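The exercises below are to be worked with the sequence and the model open side by side. Each task is followed by a solution in steps.

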Amino acid sequence: MSAVDELLARARRELGRRAEPEEAAAVQESGGLLVDIRYAELRERDGTIPGALIVERNELEWRLDPTGAHRAPEATHHDLPVIVICNEGYASTLAALSLRRLGLHRATDLAGGFQAWRGAGLPVRG
């Protein structure tokens with residue numbers, strides 16, 4: 001197993017259960033935050049999830065830290081349910097774990113990423 005595969009496996013063990021597409025839609029509907037960390041080319045190619053906050057990975061911690069000066073208006077408190085979405089559900093695991101370490105204890109990621117969301121027939125814009 002490569003070092004990055006081991007890192008990912010440890011991160012997934014620490015996160016525990018990851019969200020499935022329908023669960024992510026329900027979290028969003030009940031006031032939780034979906035955060036799309038895919039880079040612009042993928043968003044342009046495949047579209048976006050309506051209502052998802054778009055934050056590229058290199059800005060994630062700064063934009064989601066409720067105590068930070070550069071936080072997004074949506075990052076209101078540490079108890080906020082946050083589901084991080086990448087393209088296929090790999091980078092989002094590491095990103096969600098980073099958010100947990102910032103104190104966002106309900107952060108997790110979308111199993112299968114944007115591709116799973118789209119494959120489940122959930123709304124996509126663009």
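A charge counts as lying over a ring if NZ of Lys or CZ of Arg is within 6 Å of the ring centre and within 35 degrees of the ring normal. The model used here is a predicted one.

**Exercise 1. Aromatic rings and charge**

Task: Find which arginine lies over the face of phenylalanine 114, and count the aromatic pairs.

Solution.
Step 1. The residue over the face of Phe114 is Arg38, at 3.9 Å from the ring centre. That distance falls within the 6 Å cut-off.
Step 2. The count of aromatic pairs is zero.
Step 3. Arg38 and Phe114 also share a neighbour, since both appear among the contacts of Thr48. Beyond four places in sequence, Thr48 also touches Arg43, Ile54, Pro123, Val124 and Arg125.
Step 4. Thr48 sits in the loop between helix H3 (40–46) and strand E2 (53–54). With a relative accessible area of 16%, Thr48 is buried, because buried means under 20%.

**Exercise 2. The chain as a whole**

Task: Describe the order of helices and strands, then decide whether the radius of gyration agrees with that of a compact globule.

Solution.
Step 1. The chain has six helices and four strands. Along the sequence they follow the pattern α-α-β-α-β-α-β-α-β-α.
Step 2. For 126 residues, a compact globule would have a radius of gyration near 14 Å; the chain has 14 Å, so the two agree.
Step 3. Along the principal axes, the C-alpha atoms fill a box of roughly 40 × 30 × 25 Å.
Step 4. Of the 126 residues, 44% count as buried. About 6,600 Å² is exposed, and carbon and sulfur atoms supply 51% of that area.
Step 5. Among contacts between residues at least 6 apart in sequence, 66% join residues at least 24 apart.

**Exercise 3. The nonpolar cores**

Task: State how many residues the largest nonpolar core has, and which elements give two or more residues to it.

Solution.
Step 1. The largest core has 19 residues. Those with the most contacts inside it are Val35, Leu60, Leu64, Val82 and Leu99.
Step 2. Two or more residues come from each of strand E1 (33–36), helix H4 (60–64), strand E3 (82–85) and helix H5 (91–101). H5 gives the largest share, three residues.
Step 3. A second, separate core has eleven residues, including Ala24, Leu34, Ala52 and Leu122.
Step 4. Take Val82 from the first core as a case. Outside its neighbours within four places in sequence, Val82 is in contact with Leu33, Val35, Leu64, Leu99, Arg106, Ala107 and Thr108.

**Exercise 4. Two sides of helix H5**

Task: List the buried residues of H5, and say whether serine 98 is buried or partly exposed.

Solution.
Step 1. Ser92, Thr93, Ala95, Ala96, Leu97 and Leu99 are the buried residues of H5. They pack against helix H1 (3–15), H4, E3 and strand E4 (108–109).
Step 2. An α-helix has 3.6 residues a turn, so residues three or four places apart point the same way. Ser92, Ala95 and Leu99, all among the buried residues, fit such a spacing.
Step 3. Ser98 also lies in H5. At 21% relative accessible area, Ser98 is partly exposed, because the cut-off for buried is under 20%.
Step 4. Leaving aside neighbours within four places, Ser98 contacts Arg57 and Glu61. Ser98 and Glu61 are 37 residues apart in sequence and 7.5 Å apart in space, C-alpha to C-alpha.
Step 5. Glycine 103 follows H5 and has a positive phi, near 105°.

**Exercise 5. Two loop residues**

Task: For alanine 19 and arginine 106, decide which is buried and which is partly exposed.

Solution.
Step 1. Ala19 is in the loop between H1 and helix H2 (21–29). At 7% relative accessibility, Ala19 counts as buried.
Step 2. Apart from neighbours within four places, the contacts of Ala19 are Ala24, Ile83, Thr108, Asp109, Leu110 and Ala111. Ala19 and Ala111 are 92 residues apart along the chain, yet their C-alpha atoms are separated by 5.9 Å.
Step 3. Arg106 is in the loop between H5 and E4. At 41% relative accessibility, Arg106 counts as partly exposed.
Step 4. By the same exclusion, Arg106 contacts Asp79, Leu80, Pro81 and Val82. The C-alpha atoms of Arg106 and Ala96, ten residues apart along the chain, are separated by 9.2 Å.

Terms used. Residues are numbered from 1 along each chain as its sequence is written. This is a predicted model: local features need pLDDT of at least 70, side-chain atom pairs count only at pLDDT 80 or more; totals for chains, interfaces and linings use all residues. Side-chain values use heavy atoms; hydrogens and water are left out. A nonpolar core is a set of buried Ala, Val, Leu, Ile, Met, Phe, Trp, Tyr and Cys residues joined through side-chain atoms within 4.5 Å. Buried means under 20% relative accessible area, exposed over 50%, partly exposed in between (1.4 Å probe, protein chains only). Contact means heavy atoms within 4.5 Å. Rings of Phe, Tyr and Trp (its six-membered ring) pair if their centres lie within 6.5 Å; planes under 30 degrees apart count as stacked, over 60 as edge-to-face and the rest as tilted. The radius of gyration is taken over C-alpha atoms; the globule rule is 2.2 Å times the number of residues to the power 0.38. Accessible areas come from the Shrake-Rupley method with a 1.4 Å probe; for residues, only the protein chains shown count as cover.
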